[in-house]
Amino acid sequence: MSDTQDTVLSIRNLTIDLPEGGDRPHAVENLNLDVKRNEIVCIVGESGSGKSITSFTTMGLLPRVLKPSQGEVLFEGTDVLKLSDKQHSKLRGNRMAMIFQEPMSALNPCYTVGDQIEEVFATHSSMTKSERRARTIKLLDEVHLPEPERIYHSFPHQLSGGQRQRIVIAIALAMDPALLIADEPTTALDVTTQAQILSLFKQLKETHSAGIMFVTHDFDVVAEIADRVVVMQKGLVVEQGTADEVLNRPKHPYTRQLIDAVPRRTREAPPSIEGNEVVMKVVALEKTFHTSRTLFAPARTVKAVQDVNLTIRKGETLGIVGESGSGKSTLVRCLIRLTDIDDGAVWIGGKEFSRVPRGQLHDWRKKIQIIFQDPYGSLNPRRTIGDQLVEGPVNFGVPRKVAMQKARELLRIVRMEQDALHRYPNQFSGGQRQRICIARALMVEPEILIADESVSALDVSVQKEVLNLLAEIKEEMGLTMLFITHDLRVAAQVSDNIVVMNKGQIVERGNADQVFSNPQNDYTKKLLAAMPGQGWEVPDIAALERAGA
Amino acid sequence: MVRFILTKLVMAAMVALTVSIISFGLVYMAGDPAIALAGETATDEEIAVIREQYGFDRPIPVQYLDWLGSAVRGDFGISYYYNMPVSDMIFSRLGTTVTLGLCAISFALLISLPMGVLSAIKPNSLLDRVAVFIAVVGEAIPSFWFGLLLIVLFSINLGWLPASGSDSWQSFIMPTIVLGYYATPALMRLTRAGMIDVLSSDYIRTAKAKGLRPRKVLFKHALRNAVIPVVSLAAVQMGFMLGGSIVTETVFALHGAGFLAWQSISRNDLSTMQALILIFSMFYIVFTFLADVLNAWLDPRLRSG
Amino acid sequence: MSTTDTSAPEGKTVTQKKEITPRQALIKRALKNRNLMVSGGILLLIVLIAIFAPLLAPHDPYKQNLLARMVRPAFMGGDSKHLLGTDALGRDMLSRLLYGARVSLGVGLLATLMSGIIGTTMGLLAGYFGGRIDQVVQFLINVRLALPAILVALACVSLFGGSITVVTITLGLLLWDRFAVVIRAATMQLRNMEYVAAAEVLGARMPRILRKDILPNVTSQLVVIASLEMASAIMLEAGLSFLGLGVQPPTPSWGLMISEGKEMLLFESWLITIPGICLFVLVFAINVFGDGIRDISSPEGRN
């Protein structure tokens with residue numbers, strides 16, 4: 001870091017009011033931060049911390065209901081808050097550019113991506129058509145898209161999420177901006193794509209000498225790319241400093257709490273489950289999806305799950321890891337018989353569950369239960385929590401009164417108040433809903449509990465709470481768990497054994513330590529190498545606190 | 001693209017075939033058409049004569065295939081009431097109805113598109129409130145009553161426009177307004193809702209982040225996406241309008257196919273009725289097919305779908 | 001993770017707001033919605049008028065008095081015995097209008113109920129099962145939309161004879177398309193919700209899932225479409241009667257009254273204006289009511 005670095009963006013005392021009736025008066029309050037040339041500044045915080053609002057203010061893209069009430073946003077010396085929208089739009093896409101979270105919807109479906117990149121040149125330069133085209137092709141090459149000529153003529157829907165995000169990055173880089181704002185640009189992407197995009201950012205910092213403001217919630221991503229870190233909570237900056245300071249010697253309790261919640265493998269020797277009885281056995285499971293042949297399109301088949309074999313013993317936690325499209329979700333649907341399998345068998349406690357006729361299935365359902373991903377979609381908004389908790393037992397013939405008693409007990413176990421029974425889901429936060437879902441699954445006393453990406457939609461600190469709760473309950477009730485996730489870190493934290501899925505097949509299996517320390521399969525190796533923040537040892541927060549106290 | 005069009009075409013053909021069965025079968029649903037034609041007081045002999053004369057004595061599937069075969073060639077038989085070839089009667093009047101339909105849909109689009117777009121840009125502005133008010137009021141005015149009110153005002157009180165007939169272009173003004181206003185509220189609401197939806201989408205934010213002028217964001221990026229569902233609805237409305245022309249043409253005594261439909265139904269002229277139901281349905285099927293093709297051109301995602 | 005931070009933050013504790021159930025919240029929003037309250041009030045009034053028409057009507061709506069034909073309404077300088085005047089046969093307009101509300105509301109309600117049952121069943125089945133059933137339902141919807149409703153309705157009435165029953169059944173069999181389209185789409189969306197999967201895994205059977213998890217979540221949409229379809233059924237009945245192929249004289253139907261008044265258009269335009277206004281007010285109130293229901297069930301507003 002040298003003194004020749006000049007400050008690109010300097011936010012001073014910025015306060016943005018929230019409309020009345022919100023849970024707090026300001027979206028951000030008294031915010032101060034600087035971004036210099038050749039520097040990546042990460043803004044970290046959980047949802048609702050005001051981190052995205054900050055980037056939208058800088059870009060002049062704030063929703064109308066939000067108004068900055070105080071402070072200034074100095075971009076290369078000019079206060080952009082004082083600019084007219086017309087003046088601001090001359091900077092946008094030109095001197096400052098932004099990359100968004102959702103690559104799937106960030107591009108206009110009606111125009112080719114070439115056209116959408118060229119538009120930037122047409123707006124901010126006086127290049128001729130052929131110059132614009134040449135520059136666009138060059139940009140596509142720079143963001144490492146294969147066959148730029150072909151991509152140039154593609155429509156967004158013909159590209160993958162990672163490819164689309166590269167297009168959005170190309171749009172942002174087109175005019176060589178001094179400031180690049182990235183708002184959770186890799187959150188929606190698979191881990192291998194994320195690694196590629198992150199390394200692209202590191203390159204850009206050097207080649208374009210831009211200042212990069214990178215908004216994220218993930219401390220491992222911070223460890224991967226940040227030079228400096230700003231931690232926000234409820235609209236306030238609680239801590240800022242160099243990456244080394246914040247990551248390894250966090251001072252503020254909130255930062256410590258967040259860092260402590262970063263999932264890491266902590267358990268050393270899992271209790272042996274070797275001799276335990278087998279509760280679930282999956283033999284050569286196959287599931288293929290067919291799009292039926294129409295008059296003008298041939299039938300297509302997608303092999304979603306191919307030759308999957310699993311043996312799960314009582315008390316085991318099996319992690320099933322895979323990226324999107326790996327077939328793990330289809331596997332889950334087959335295991336709980338939301339989808340019928342094509343071939344193979346699923347045995348649960350000596351019964352071939354996958355062959356139980358639909359009519360008798362009812363009696364076997366209670367053996368295996370599931371907790372889903374989306375805490376907002378897995379509870380019916382029109383039924384009380386109590387009504388939804390007793391659904392299972394009532395369906396299996398338990399009197400409602402008895403079931404209600406059980407519901408009370410389970411609410412206590414998942415650490416919820418008793419009066420939750422009479423409330424509706426909209427009165428609970430995501431973490432609370434997920435706990436209710438756990439209680440609902442446990443109502444029928446299942447032997448096997450499947451957690452399908454059950455903590456992926458939660459903030460890290462909440463994620464940790466739920467994971468701890470699951471571990472406790474598992475211990476207490478002697479449950480067997482299948483933990484499905486795309487997040488290797490979470491899998492590492494909770495699993496005894498791991499299977500890695502790719503393209504519908506299991507490519508690697510073994511106990512967790514073995515898989516993580518000594519992977520055999522190339523895909524697993526690639527996956528592990530792609531995990532961000534590998535060089536960073538999460539500091540021992542408890543030790544820090546003791547030292548500080 | 002070719003595959004998309006072919007798939008839509010087959011679907012359209014199947015719908016058309018089903019519609020033809022329904023419009024043919026309608027006549028038989030109420031009982032023996034020979035009795036219906038001959039009248040309540042007819043003797044058995046008279047009924048038998050009619051039955052043979054019109055071929056009602058043959059098996060129904062044979063009658064249907066015969067009817068369909070001729071219909072495909074544009075021959076709908078002889079009108080039971082007017083004793084003229086049905087196709088001659090219909091085709092000489094269809095021009096009037098199609099002209100009216102085109103005028104009305106243009107009128108509706110000219111009002112609803114700009115108003116829908118403008119009110120979406122500034123929700124809750126005065127213009128938006130006016131637009132919503134027009135939509136709600138418009139939806140509640142019965143078109144035949146609206147037509148009569150216009151006649152009272154412009155023909156009787158002011159004497160500006162002819163109250164009936166189809167001799168001059170002036171005769172089309174009031175029918176166009178009456179038929180067009182009927183489609184306006186739905187089109188306006190859809191344009192407004194679609195536009196609001198699109199304007200809050202991620203790709204509009206991307207376009208703004210590129211520093212594009214608001215005009216370009218609106219016309220290049222937003223309008224094209226917002227107009228896609230409007231195209232489909234306009235086609236549906238166009239089809240409904242031809243049906244609606246029955247009421248409008250009757251109110252203004254405009255001698256189009258709608259007026260003919262009313263006359264033939266009032267006079268129990270079964271063959272003309274059948275033919276008109278089929279023809280109006282065909283118009284609807286063709287319009288929606290064209291809308292599908294237009295949308296596929298507007299939205300590349302549909303082409304590969 | 002939400003796209004922007006403008007969404008509500010994760011509350012760490014249960015919201016401290018006063019406890020209300022979704023239903024109570026809905027009622028609260030309804031009471032605050034002026035449009036909904038006013039239109040609801042008008043509708044209630046019309047329903048009461050229709051029910052108590054025999055008590056309210058000053059005269060027999062069928063009784064002709066050739067000596068008192070086309071008496072102008074009281075406010076136009078007519079006779080105070082006939083507040084809204086008399087028609088071409090000397091029947092009291094006010095009494096006929098009051099009884100006419102029965103025809104409009106009766107046809108509207110029954111036709112909507114019928115089409116609602118048909119369309120909702122089709123939509124639920126198509127949305128829940130998908131596949132072949134869905135293809136069949138979509139095909140039926142396409143066929144129905146291709147048929148010109150007014151023309152088919154006219155044809156049916158002419159073939160089966162014009163009576164309130166025939167008109168109601170015909171409209172009921174014709175107006176189900178919007179129910180089917182909307183409920184199908186909504187069910188499809190709900191079908192993929194995780195709580196439906198959860199119910200299935202918890203041993204709930206299909207009818208129970210439809211009743212407990214799907215139907216309660218489409219009711220607000222159902223009410224909105226029902227209001228739209230009721231409005232269009234009322235308009236169509238009036239239209240058919242106006243064309244002389246709906247409710248037959250001497251039954252007092254507002255559409256028929258406009259048709260009868262049409263003959264006198266040149267001289268006595270109030271004969272069509274008054275029943276037209278009644279029709280307008282009824283349909284307007286129904287539409288505003290439907291809009292209001294949509295507003296209160298999606299609190300973000302009318303977008």
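How many helices and how many strands are there in chain B? Thirteen helices would be my spoken version, and the count is 13 helices and zero strands. Keep in mind that this is a predicted model.

Let me stay with chain B for a moment. Read from the N terminus, its elements go α-α-α-α-α-α-α-α-α-α-α-α-α. Along the principal axes, the C-alpha atoms of chain B fill a box of roughly 85 × 55 × 30 Å. Chain B has 305 residues, and 52% of them count as buried. Now the contacts inside the chain. Take those between residues at least 6 apart in sequence: 72% of them join residues at least 24 apart. On the outside, chain B exposes about 13200 Å². Carbon and sulfur atoms supply 67% of that exposed area.

Next, the interface of chain B with chain C. Chain B puts 50 residues into the contact, and chain C puts in 44 residues. Together the two chains bury about 4100 Å². Carbon and sulfur atoms account for 79% of that buried area.

What about polar terms here? Between chain C and chain B, the count is one salt bridge. The side chains in a salt bridge are those of B:Arg189 and C:Asp291, at 3.3 Å, N to O. Polar contacts across the interface of chain C and chain B come to four residue pairs, with both residues at pLDDT 80 or more.

Which elements of chain C give two or more residues to the side that touches chain B? They are helix H5 (131–146), helix H6 (149–160), helix H10 (206–242), helix H11 (254–262) and helix H12 (270–297). H12(C) gives the most to that side, with 12 residues.

Now turn to chain A against chain C. Here 54 residues of chain A are in contact with 33 residues of chain C. The area buried between chain A and chain C is about 3900 Å². Of that, 52% comes from carbon and sulfur atoms. For comparison on your slide, the figure for chain C and chain B was 79%.

The polar side of this interface: the rule finds three salt bridges between chain A and chain C. One pairing to look at is A:Arg383 with C:Asp213, whose side chains meet in a salt bridge at 3.1 Å, N to O. Polar contacts between chain A and chain C number 13 residue pairs, both residues at pLDDT 80 or more. On the chain A side, the elements that give two or more residues are helix H1 (51–59), helix H12 (358–364), strand E16 (368–371), helix H13 (385–395) and helix H15 (430–442).

Last topic: the surface of chain C. Which residues make the nonpolar surface patch of about 670 Å²? They are C:Leu44, C:Val47, C:Leu48, C:Ile51, C:Phe52, C:Leu55 and C:Leu56. Two helices of chain C, H2 (34–51) and H3 (53–56), each supply at least two residues of the patch. H2(C) gives the most, with four residues.

C:Phe52 sits in the loop between H2 and H3 of chain C. Is C:Phe52 buried, partly exposed or exposed? Its relative accessible area is 40%, so C:Phe52 counts as partly exposed. Patch residues need over 30% relative accessible area, and C:Phe52, at 40%, is one of the residues in the patch.

To recap the two interfaces: about 4100 Å² buried between chain C and chain B, and about 3900 Å² between chain A and chain C.

Notes. Residues are numbered from 1 along each chain as its sequence is written. Chains are lettered from A and ligands numbered from 1 in the order in which they are written. This is a predicted model: local features need pLDDT of at least 70, side-chain atom pairs count only at pLDDT 80 or more; totals for chains, interfaces and linings use all residues. Side-chain values use heavy atoms; hydrogens and water are left out. Patches are made of residues with over 30% relative accessible area and no salt bridge: like charges are joined within 9 Å, nonpolar side chains (Val, Leu, Ile, Met, Phe, Trp, Tyr) within 5 Å. Accessible areas come from the Shrake-Rupley method with a 1.4 Å probe; for residues, only the protein chains shown count as cover. A salt bridge is a side-chain nitrogen of Lys or Arg within 4 Å of a carboxyl oxygen of Asp or Glu. Buried means under 20% relative accessible area, exposed over 50%, partly exposed in between (1.4 Å probe, protein chains only). Contact means heavy atoms within 4.5 Å. Buried area is the accessible area (1.4 Å probe) that two parts lose on being put together, summed over both. A polar contact is a pair of N or O atoms within 3.5 Å; within protein, one must be able to donate a hydrogen and the other to accept it, and residues adjacent in sequence count only if both atoms are side-chain atoms.
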